[in-house]
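Please work through the exercises below with the structure open beside you, trying each task before reading its solution.

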Amino acid sequence: MTHPSDLKLESWLVTAGRSSTPGAPLNVPLVPASNFIIGAGREYARDDGTSTWEALEEVVGGLESGRAVAFASGMAAIASVFDQLRAGSHVVLPDDCYQGVAGLVAAGAERGRWTVQRMALHDTAGWVNACRTADLVWLESPSNPLLGVADLEAICAAPRKTSAVVAVDNTFATPLNQRPLEFGATVSLQSATKFIGGHSDLLAGVATTRDPAYWHALKKSRELTGATPGTLECFLAVRGSRTMALRLQRAQATAMTVADRLQGHPAVELVRYPGLSSHPTHATARRVLKGYGTIISFDVRGGADAADRACKAVQLVRHATSLGAVESTMERRAAIPGQEHLPPALLRLSVGIEDADDLWKDIESALRSVPR
Ligand SMILES: *Cc1c(COP(=O)(O)O)cnc(C)c1O
């Protein structure tokens, strides 16, 4: 089933991927299978998928308004896009993006597979220009962890070199806040580990495209690299997706409140949240995003030590990496090997679905350990 245009995405999330055969389980069944009885087209799972993987693909394909391929992780989905590049291709990458992508691109450049140019997300003219020369224009918006917002509407519609691919890592926005394929992107990427799964209990990724040839190429890449998703993971991701709209709505309302309060707190030097009017690309965010998301990056006074103390002091907020789950998590990003270029006292907070006042009480209490 494809997403009917008269159905809101919130309703699609509840109904997508289900069977309508009388007698079939109402819920998507968990089908652990490597091979199938020959005669109906589906023979081997790595080549042909399984019904449980396809349920996740149906859910996310409808959300992103394209056709999806599910992968073992967000990085596996991302790697399948880079897998398409011919030797000597030119890649343009944001100066702020997920460290795994930056690492993958740097490793490929070192082996001579492609050349790389980094660009600021707010440099719309630069990105529009890059579309004429690059083989792969890679965008991530809002970006991890500096929360830069790109004018995807303008960039994805820009004229591009024949066969050039515009890819958008849409994990932070989720398809509920932004649909890159509608702007004209070739492919949109989700780490389903985050908002789609939403419970910190799985790794999965999804790539979605409207180009049938590109869809076949991504699926072929999954088959040949073996980057197949786990069946339980797809089952859990579909189950998580049922409540995604509710979770996002609640958490991003809380995030706005928390960002606003952080901005007025004497122990906080700088707050980055696309919903704040002080955010450098707030005007673009207002135009391009339906909601500002649940991630806030803020710098505390007193440097890395003060930031580490705040991480140790939070209780309701868990000191952990990752994002997009029911529970709030916080970490100091520059503490991660390879991320030393980030502001040393930057804390990335992923706001969950807890009560806003309880969360704020916890954060405020943790900030007492920070000099002001
Ligand atoms: C987590 C994340 C990824 C990688 O996803 P995995 O499922 O961990 O492989 C990619 N991009 C962004 C923006 C992410 O937050």
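**Exercise 1.** Decide whether Ser 322 is buried, partly exposed or exposed, and then describe the backbone at this residue.

*Solution.* In this predicted model, the relative accessible area of Ser 322 is 26%. Buried means under 20% and exposed means over 50%, so Ser 322, at 26%, counts as partly exposed. The residue sits in the loop that runs between strand 10 (318-319) and strand 11 (329-332). Its phi is positive, at about 70°, although Ser 322 is not a glycine.

**Exercise 2.** Examine the loop between strand 4 and helix 7 (152-157) and work out which peptide bond leading into Pro 142 it contains, then continue to Pro 145 and Leu 147.

*Solution.* Begin with Pro 142, which lies in this loop; the peptide bond from Ser 141 to Pro 142 is cis, and its omega is near -10°. Next comes Pro 145, which belongs to the loop between strand 4 and helix 7 as well, and here a cis peptide bond joins Asn 144 and Pro 145, with omega about 5°. Finally, Leu 147 is also placed in the loop between strand 4 and helix 7, and it has a positive phi of about 60° although it is not a glycine. Leu 147 counts as buried, because its relative accessibility is 1% and the cut-off for buried is under 20%.

**Exercise 3.** Determine the strand order of the open sheet of seven strands, and explain why one side of strand 1 and of strand 3 has no neighbour in the sheet.

*Solution.* The order is 1-7-6-5-4-2-3, and the pairing is mixed. Strand 1 (67-71) and strand 3 (114-119) stand at the edges, where each has a single partner strand, and therefore one side of each is left without a neighbour in the sheet. On average, neighbouring strands of this sheet are turned by 20° against each other, direction ignored. At one edge, strand 2 (residues 89-94) runs parallel to strand 3 and is joined to it by six bridges; Pro 94, for instance, has Met 119 in strand 3 as its bridge partner. Two helices can then be added to the picture. Helix 3 (residues 51-64) packs on the sheet and touches strand 1, strand 6 (187-191) and strand 7 (205-209), with its direction making about 130° with that of strand 1. Helix 6 (residues 124-133) lies across strand 2, strand 3, strand 4 (136-140) and strand 5 (165-169), and runs at about 150° to strand 4.

**Exercise 4.** Identify which of the 14 residues around the ligand come nearest, and follow the polar contacts of Asp 169, Ser 191 and Thr 193.

*Solution.* The residues that come nearest are Met 75, Asp 169, Ser 191, Thr 193 and Lys 194. For Asp 169, an N or O atom of the side chain is 2.6 Å from a nitrogen atom of the ligand. For Ser 191, the side chain has an N or O atom 2.8 Å from an oxygen atom of the ligand, and for Thr 193 a polar side-chain atom lies 2.6 Å from an oxygen atom of the ligand.

**Exercise 5.** Check whether the length of helix 9 (residues 212-225) agrees or disagrees with the expected span, and describe its two ends.

*Solution.* At 1.5 Å a residue, the 14 residues of helix 9 should span 20 Å, and the end C-alpha atoms are 20 Å apart, which agrees. The N-terminal end is capped by Asp 211, a side-chain oxygen of which lies 3.0 Å from the backbone nitrogen of Ala 213. After the helix comes Gly 226, with a positive phi near 70°. The buried residues of helix 9 include Tyr 214, Trp 215 and Leu 218.

Key. Residues numbered from 1 in each chain as written. Predicted model: local features only at pLDDT ≥ 70, side-chain atom pairs only at ≥ 80, totals over all residues. Heavy atoms only, no water. Helix = DSSP H or I, 4+ residues; strand = E, 2+ residues; numbered from the N terminus. Expected span 1.5 Å × (residues − 1). Buried < 20%, exposed > 50% of the residue type's maximum accessible area, 1.4 Å probe, protein only. Polar contact = N/O pair within 3.5 Å; in protein donor to acceptor, adjacent residues only side chain to side chain. Pairing = 2+ DSSP bridges. Axes fitted to C-alpha atoms, helices over the stretch in contact; angles between N-to-C directions. Contact = heavy atoms within 4.5 Å. Near = heavy atom within 4 Å.
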